[in-house]
Amino acid sequence: MFDLSVVHIILVLICALLIGVAKTGLPTLGILVVAVMASIFPARESIGIVLPMLITADVIAVTYYRRNVNWKTLFRLVPWVLGGLFLGFIVLFFVEASRPIEIMLGGIILLMIGIQLSRERWGASWTENIPQSTWFAAGMGTLAGFTTMIGNAAGPVMAIFLLAIALPKQEFIGTGAWFFISVNLIKVPMYAILGLITPASLTFNLWLAPVILLGTYLGIKCLPLIPQRTFNIAVLVLAVFGGVRLLVG
């Protein structure tokens, strides 16, 4: 199926565990998984392997947090996210190298983090209305759709967006869970057309399912223990890591 060393197998199992934790407890952990999996498998192949892993954890997340959803926020993003998914599909279809795109995305993520920190630290008046503006939803929705399509890397984008509109942590997780299970299911036929999901990759995913489910359990148990302020800081720190990782490659 896949010729992996013992070290790589251990790393893949850790990634499977972290995916579960990310979906039910600390969302931006997902960008760490994306980075590690891309170092084990070829970059394009890795996104097809990771997608069913994400969906497995998404199912548990939407089931557990089904009452903690901000539907207005989700519907506000829908048209822009679909546009971003389409743009990402075109890029994957025609372009092999994605380095310039990664640099652009990393810069945008760090800019969004800077704006969020400015709002929290100084309450800058010029940032007060940004989260509720149509252009902010349009830009972040398009960016989330695009980044999730080209690399399952929308975690930091959605994290900054959901923090900016000040969702409490349970609602943050629940809204993010419904967002990601929706876009991830849409991506399945697209990835299949591109040859990124195969019978071999799905069999590999099946072996990892128990570890992913264990991770979702750990995330559910850990989230109530994390204070809201600590949760926000952890999300921002991991988002910074994601943005820097995209910039430096």
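Q: Before anything else, what counts as a pocket?
A: On a 1 Å grid over the protein atoms alone, a pocket is an open set of points with protein on both sides within 12 Å along at least five of seven lines. One thing to keep in mind throughout is that this model is predicted.

Q: OK, how much space lies in the second largest pocket?
A: About 200 Å³.

Q: And which helices each supply at least two residues of its lining?
A: Those are α4, which runs over 71–94, and α8, which runs over 169–193. Of the residues in that lining, seven come from α4, and no element gives more.

Q: Which residues line the second largest pocket, then?
A: You can look for Trp71, Leu74, Phe75, Leu77, Val78, Val81 and Leu82, and then for Trp178, Phe179, Ser182, Val183 and Ile186.

Q: How does that lining divide into nonpolar, polar and charged?
A: It has 11 nonpolar residues, one polar residue and no charged ones.

Q: I see some Trp and Phe names there. Which residues form one aromatic cluster?
A: Trp71, Phe75 and Trp178 do. Those three also belong to the lining of the second largest pocket.

Q: How many aromatic pairs does the whole structure have?
A: A search finds 10 of them. One of these is made by Trp135 and Phe136, with 6.2 Å from centre to centre and 90 degrees between the planes, and it is edge-to-face.

Q: Trp135: buried or exposed?
A: Trp135 is exposed, because its relative accessibility is 54% and the cut-off for exposed is over 50%. Its partner Phe136 has a relative accessible area of 4%, so Phe136 is buried. The cut-off for buried is under 20%.

Q: What about Phe179 and Phe180, what kind of pair is that?
A: That pair is edge-to-face, because the ring centres are 4.9 Å apart and the planes are at 85 degrees; over 60 degrees is what edge-to-face takes. Both Phe179 and Phe180 are buried.

Q: Switching topic: how many cavities of 30 Å³ or more does the structure hold?
A: Two. The largest cavity has a volume of about 320 Å³. It is lined by 26 residues, and the ones closest to its centre are Lys23, Pro27, Gly30, Gly155 and Phe180.

Q: Which elements give two or more residues to that lining?
A: They are α1 (6–24), α2 (30–40), α3 (43–64), α7 and α8. The largest share comes from α8, with six residues.

Q: And what are the classes in the lining of the largest cavity?
A: There are 18 nonpolar, six polar and two charged residues.

Q: You mentioned α7. Why is it largely enclosed by the rest of the structure?
A: Because 10 of the 10 residues in α7, residues 155–164, are buried. Among them are Gly155, Pro156, Met158, Phe161 and Ala164.

Q: What follows α7?
A: Ala166 does, with a positive phi near 60 degrees. It has that positive phi although it is not a glycine. You'll find Ala166 in the loop between α7 and α8. Ala166 is exposed, because its relative accessible area is 62% and exposed means over 50%.

Q: Now α6. Where is Thr134 found?
A: Thr134 is in helix α6, residues 134–151. At 60% relative accessibility, Thr134 counts as exposed. Thr134 and Arg76 are 58 residues apart in sequence, yet 8.8 Å apart in space, C-alpha to C-alpha.

Q: And Thr148: buried or exposed?
A: Thr148 lies in α6 too, but Thr148 is buried, because its relative accessibility is 1%. Leaving aside neighbours within four places in sequence, Thr148 is in contact with Leu85, Ala153, Ala154, Val183, Asn184, Lys187 and Tyr191. Val183 is one of the residues lining the second largest pocket.

Q: Last one: how many disulfides does a search of the whole structure find?
A: Zero. As for cysteines, Cys15 has a relative accessible area of 2%, so Cys15 is buried. Cys222 is at 40% relative accessibility, so Cys222 counts as partly exposed.

How values were computed:
Residues numbered from 1 in each chain as written. Predicted model: local features only at pLDDT ≥ 70, side-chain atom pairs only at ≥ 80, totals over all residues. Heavy atoms only, no water. 1 Å grid on protein atoms, 1.4 Å probe; cavity = no way out; pocket = protein on both sides within 12 Å on 5 of 7 lines; lining within 4 Å. Points joined across faces, edges and corners; volume = space filled by probe spheres on them. Helix = DSSP H or I, 4+ residues; strand = E, 2+ residues; numbered from the N terminus. Nonpolar A, V, L, I, M, F, W, Y, C, P; charged D, E, K, R; others polar. Buried < 20%, exposed > 50% of the residue type's maximum accessible area, 1.4 Å probe, protein only. Disulfide = S-S within 2.5 Å. Phe/Tyr/Trp six-rings, centres within 6.5 Å; stacked < 30°, edge-to-face > 60°. Contact = heavy atoms within 4.5 Å.
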